[in-house]
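Biologist: I would like to learn how to read a protein model step by step. Could we begin with the basic vocabulary and then go through the features in turn?

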Amino acid sequence: MKIKVLNIGKTKAPYLIAGEEEYKKRLTHYISCDWVVLPDVSAKGMSKELIKEKEAQLFFKHIKTEDYVWLLDEKGKMFTSTEWSQQIQKLMNAGTKTCVLIIDSYRDWETDRKSTRLNSSHLKLSRMPSSA
């Protein structure tokens, strides 16, 4: 199985970039993983809803119909590390080829895709505002 991580916007803080690189190195020792950084959506003159729609379009370009999608969302289900690894194992046993992990999805995802909404409030993510 392969995990594809989708994130909008580049990490700017050098210590976070180093941490991400170390994590990627460790993760790829156990499972195939691609990290795709999508460009920021220019918010100039756009409503919040239009920005969400533009971001969703960027994400959907990288998701195939057969992919399983994890949405990091504060309203989602919270897993411990053990529970999350069990979920990954179940998907691997079911023959899932690719799982897509979406970071910083501001859109209210209503989709017929196979997906799980994960609670991201306890995770340390590197998304920083452009002004940082």
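Modeller: Helices and strands are DSSP runs, numbered from the N terminus, and a strand needs at least two residues. With that in hand, we can say that Leu101 lies in strand 4, and that Thr98 lies in strand 4 as well. Please keep in mind that this is a predicted model.

Biologist: How many helices and strands are there in the protein chain, and in what order do the elements run?

Modeller: The protein chain has 3 helices and 5 strands, and, starting at the N terminus, the order of the elements is β-α-β-α-β-α-β-β.

Biologist: What does the pLDDT say about the protein chain?

Modeller: The pLDDT is the predictor's confidence in each residue, from 0 to 100. Here the average over the protein chain is 78, and 78% of the residues score at least 70. The stretch of residues 120–132 has a pLDDT below 50, although in the model it makes 23 contacts beyond near neighbours in sequence.

Biologist: Which residues of strand 4 are buried, and on which side?

Modeller: A residue counts as buried when its relative accessible area is under 20%. In strand 4, 6 of the 6 residues are buried, with Thr98, Val100 and Ile102 on one side and Cys99, Leu101 and Ile103 on the other, so both faces are covered. Cys99 counts as buried because its relative accessibility is 0%, while Leu101 is buried with a relative accessible area of 11%, and Thr98 counts as buried at 16% relative accessibility. Across the protein chain, 36% of the 132 residues count as buried.

Biologist: Which strands pair with strand 4, and over how many bridges?

Modeller: Strand 1 and strand 4 run parallel and are joined by 6 bridges, and Val5 has Leu101 as its bridge partner in strand 4. Strand 3, residues 68–77, also pairs with strand 4 in the parallel sense, over 4 bridges, and here the partner of Tyr68 is Cys99.

Biologist: What is Thr98 in contact with, once its neighbours within four places in sequence are left aside?

Modeller: Thr98 is in contact with Met1, Lys2, Lys4, Asp67 and Tyr68. A separate example is Leu101, whose C-alpha atom is 6.1 Å from that of Leu6, although the two residues are 95 apart along the chain. For the protein chain, 85% of the contacts with a separation of 6 or more join residues that are 24 or more positions apart.

Biologist: Where are the buried residues of helix 2 placed around the axis, and why does this put them on the same side?

Modeller: The general idea is that an α-helix has 3.6 residues a turn, so residues three or four places apart point the same way. In helix 2, the buried residues are Ile51, Lys52, Glu55, Ala56, Leu58 and Phe59. They lie on the same side of helix 2 because they cover an arc of only 160° around the axis. These buried residues pack against strand 1, strand 2 and strand 4.

Biologist: What span should helix 3 have, and how far apart are its end C-alpha atoms?

Modeller: At 1.5 Å a residue, the 13 residues of helix 3, residues 81–93, should span 18 Å, and the end C-alpha atoms are 18 Å apart, so the two values agree. Just after helix 3, Gly95 takes a positive phi of about 85°.

Biologist: How many disulfides does the structure hold?

Modeller: The structure holds 0 disulfides. Among its cysteines, Cys33 counts as buried, with 15% relative accessibility.

Note on methods:
Residues are numbered from 1 along each chain as its sequence is written. This is a predicted model: local features need pLDDT of at least 70, side-chain atom pairs count only at pLDDT 80 or more; totals for chains, interfaces and linings use all residues. Side-chain values use heavy atoms; hydrogens and water are left out. Contact means heavy atoms within 4.5 Å. Buried means under 20% relative accessible area, exposed over 50%, partly exposed in between (1.4 Å probe, protein chains only). The arc is that of the directions from the helix axis to the C-beta atoms. A disulfide is a pair of cysteine sulfur atoms within 2.5 Å. The expected span of a helix is 1.5 Å times one less than its number of residues. Two strands pair if DSSP finds at least two bridges between them.
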